[in-house]
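This report looks at a protein from the outside inwards, and then turns to its overall make-up. Please keep the sequence and the structure in view while reading.

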Amino acid sequence: MTEPPSTGAPQYPPAVYAQAVPGDLTSAPPASLLRWFSCTAAAGIVVGVLWWLLAPGGAFYGSGEDPANWLPRDLVLGTLGLVAGVVVALFLLPQRRNPGSYTKVLAAVVGSAAGSVIAWQLGDLAGRLFGHAPAHPANSSIAFSLRSPGVLALWPAICALLVFAVTLISLLRSGPSHEQ
């Protein structure tokens, strides 16, 4: 980039404020963002199947008729969401120095939220299709279901929190001049 010839008049804006990197190099391509969103959302299928297989009242043990199994069932989904959030964050961390990384993190966090909803709905569907239906239920919603919807926020929250914490610690340790 060549500088304009000096005419004696001050240049506005000063060269200090000129953009160092062209705008098209600082954003992620849309295909990459779609890939981050769709892969994390599709992981909800795996989490939903694992929830159905591992939770009390699911495929392998318990009938779901005992209300004491409802909390462990929700905790299993919460634990699976926690593990999925850590895995997604581990895939995102090497990307944090690339241009447009914040958009990839945002796409992955939104995809994680969609994945947790997919896992919940898939587990409920498996419970309705393959679950044990009691003859005389004490409650109409005694079937395999989620009792604590706040559990769904664990996956995207852990993912975002881990990426934020590791990036912040990295900046505090090396300073902003080394990050560029």
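## A nonpolar patch on the surface

In this predicted model, a nonpolar patch on the surface is formed by Leu34, Phe37, Leu106 and Val110, which together have about 370 Å² of accessible area. The elements that contribute two or more residues to this nonpolar patch are α1 (30-54) and α3 (101-130).

One of the patch residues, Val110, is found in helix α3. Its relative accessible area is 44%, and because partly exposed residues lie between the buried limit of under 20% and the exposed limit of over 50%, Val110 counts as partly exposed.

## A cavity inside

When the whole structure is searched, one cavity of 30 Å³ or more is found, and the volume of the largest cavity is about 50 Å³. The residues that line the largest cavity are Val47, Leu77, Gly81, Ser116, Val151, Leu152, Leu154 and Trp155.

Which elements each supply at least two residues of this lining? They are α2 (70-92) and α4 (154-174). Sorted by class, the lining of the largest cavity holds six nonpolar residues and two polar residues, while no charged residues are present in the lining.

## The protein as a whole

The secondary structure of the protein consists of five helices and zero strands, and the order of its elements, read from the N terminus on, is α-α-α-α-α. The protein has 180 residues, of which buried residues make up 33%.

Key:
Residues are numbered from 1 along each chain as its sequence is written. This is a predicted model: local features need pLDDT of at least 70, side-chain atom pairs count only at pLDDT 80 or more; totals for chains, interfaces and linings use all residues. Side-chain values use heavy atoms; hydrogens and water are left out. Patches are made of residues with over 30% relative accessible area and no salt bridge: like charges are joined within 9 Å, nonpolar side chains (Val, Leu, Ile, Met, Phe, Trp, Tyr) within 5 Å. Accessible areas come from the Shrake-Rupley method with a 1.4 Å probe; for residues, only the protein chains shown count as cover. A salt bridge is a side-chain nitrogen of Lys or Arg within 4 Å of a carboxyl oxygen of Asp or Glu. Helices (H or I, at least four residues) and strands (E, at least two) are DSSP runs, numbered from the N terminus. Buried means under 20% relative accessible area, exposed over 50%, partly exposed in between (1.4 Å probe, protein chains only). On a 1 Å grid over the protein atoms alone, a cavity is a set of points where a 1.4 Å probe fits but cannot get out, and a pocket is an open set with protein on both sides within 12 Å along at least five of seven lines; lining residues have an atom within 4 Å of a point. Grid points are joined across faces, edges and corners, and a volume is the space filled by probe spheres set on the points. Ala, Val, Leu, Ile, Met, Phe, Trp, Tyr, Cys and Pro count as nonpolar, Asp, Glu, Lys and Arg as charged, and the others, Gly among them, as polar.
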